[in-house]
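I open this notebook to follow a few buried residues and the strands around them. The entries below record what I looked up, in the order in which I looked.

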Amino acid sequence: MVDNTKKLFKIEGKTVILEEIAPPFFSFVIEWRNNKENNRYLNQNFLLTNEKEEEWYESVYRKDATQGFLIMIDRATGTPFGTMGWTHMDRQQHRCISGRLLIGDYNYRSSIPFTEAGFIASDYLYTLVDTMYCHVVKESRKVLALNKHSGYVINNGKIQYPEECQINGMDLVELYRTKAMYEKAKQKWSLYFPNLLS
């Protein structure tokens, strides 16, 4: 039986709040993930329904301590605008996969809350891991560029998660970022956002 009294995970930044997925957010996630422009590069080849979301949440997500699914919320307006999170959290090997990145509300692309969300999530995750991996569809140039600007580099060595590099007929590239690489990238970003990343 799932313990529904479990306190949900939440991080508050200056302009954004990251709040763990819960039933009140299901309608947003369903709308975003079923949007054809959004789900072009997602590993979802089916129509998401409330029933499917509830089943995944209760039978998979709530029982799996190796993953996190966060809703990005504009702190000023309370508007949910996208998702991010992680999977494959391995505290013994100090690594995880960063993912689930989706901007559902297009008004928040390139926004300050979205920018801050990536940093406060990474700040948290690097208290648990030394290295983060991510997998991006090769044709998704904007996401590849965003990850590279955030300190990730393409893994030209042994692929750590080969099962993540071929999904629904799409070829994905594996990137990785150590904590030191992240701190270096964050330092560069802080020149542009000194009040946000101080």
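Entry 1, methionine 72. I began with methionine 72, which is buried with a relative accessible area of 0% and has its place in strand 3. Because this is a predicted model, I checked the confidence before going further: the mean pLDDT of the chain is 91, and 92% of its residues reach 70 or more. Over residues 1-5, however, the pLDDT is below 50, and beyond near neighbours in sequence this stretch has six contacts in the model. Where pLDDT is low, the predicted coordinates should not be read in detail, and I leave that stretch aside.

Entry 2, strand 3. I then asked how many residues of strand 3 are buried. The count is seven of the seven, so strand 3 is largely enclosed by the rest of the structure. In a regular strand the side chains alternate between the two faces of the sheet. Looking at each side in turn, I found Gly68, Leu70, Met72 and Asp74 pointing one way and Phe69, Ile71 and Ile73 the other way, all of them buried.

Entry 3, partners of strand 3. Strand 2 and strand 3 run antiparallel and are joined by five bridges, with isoleucine 17 having isoleucine 73 of strand 3 as its bridge partner. Strand 4 also pairs with strand 3 in the antiparallel sense, over six bridges, and here isoleucine 73 has proline 80 of strand 4 as its bridge partner. Strand 3 and strand 4 form a hairpin with five residues between them, and I noted that glycine 78 in the turn has a positive phi of about 75 degrees.

Entry 4, the cores. Which residues have the most contacts inside the largest nonpolar core? They are Leu18 and Met72, in a core of 32 residues. Among the elements that give two or more residues to this core are strand 2, strand 3, strand 6 and helix 5 (179-190), while the largest share, six residues, comes from helix 3. Leaving out residues up to four places away in sequence, I listed the contacts of leucine 18, which include Phe9, Ile11, Leu70, Met72, Met84, Ala117 and Ile120. A second, separate core of 13 residues includes Phe25, Ile30, Leu48 and Phe69.

Entry 5, helix 1. As Ile30 appeared in that second core, I looked at helix 1 (residues 26-34), where Phe26, Val29, Ile30, Trp32 and Arg33 are buried. The cover over these buried residues includes helix 2 (50-59), strand 3, strand 4 and strand 5 (95-103).

Entry 6, glutamate 20. A charged residue caught my attention next: glutamate 20, in strand 2 (residues 16-20), is buried, with a relative accessible area of 7%. I looked for a polar partner and found the backbone nitrogen of phenylalanine 9 at 2.8 Å from a polar atom of the glutamate 20 side chain.

Entry 7, strand 6. Strand 6 (residues 131-137) is mostly covered, with seven of its seven residues buried; Thr131, Tyr133, His135 and Val137 lie on one side and Met132, Cys134 and Val136 on the other. It pairs with strand 5 in the parallel sense over three bridges, and arginine 95 stands opposite threonine 131. Strand 5, helix 3 (residues 112-125) and strand 6 make a right-handed β-α-β unit. With strand 9 (residues 170-178), strand 6 pairs in the antiparallel sense over seven bridges, and the bridge partner of cysteine 134 is leucine 175.

How values were computed
Residues are numbered from 1 along each chain as its sequence is written. This is a predicted model: local features need pLDDT of at least 70, side-chain atom pairs count only at pLDDT 80 or more; totals for chains, interfaces and linings use all residues. Side-chain values use heavy atoms; hydrogens and water are left out. Buried means under 20% relative accessible area, exposed over 50%, partly exposed in between (1.4 Å probe, protein chains only). Helices (H or I, at least four residues) and strands (E, at least two) are DSSP runs, numbered from the N terminus. Contact means heavy atoms within 4.5 Å. A polar contact is a pair of N or O atoms within 3.5 Å; within protein, one must be able to donate a hydrogen and the other to accept it, and residues adjacent in sequence count only if both atoms are side-chain atoms. Two strands pair if DSSP finds at least two bridges between them. A crossover is right-handed if, with the strands pointing away from the viewer, the path from the first strand over the helix to the second runs clockwise. pLDDT is the predictor's confidence in each residue, from 0 to 100. A nonpolar core is a set of buried Ala, Val, Leu, Ile, Met, Phe, Trp, Tyr and Cys residues joined through side-chain atoms within 4.5 Å.
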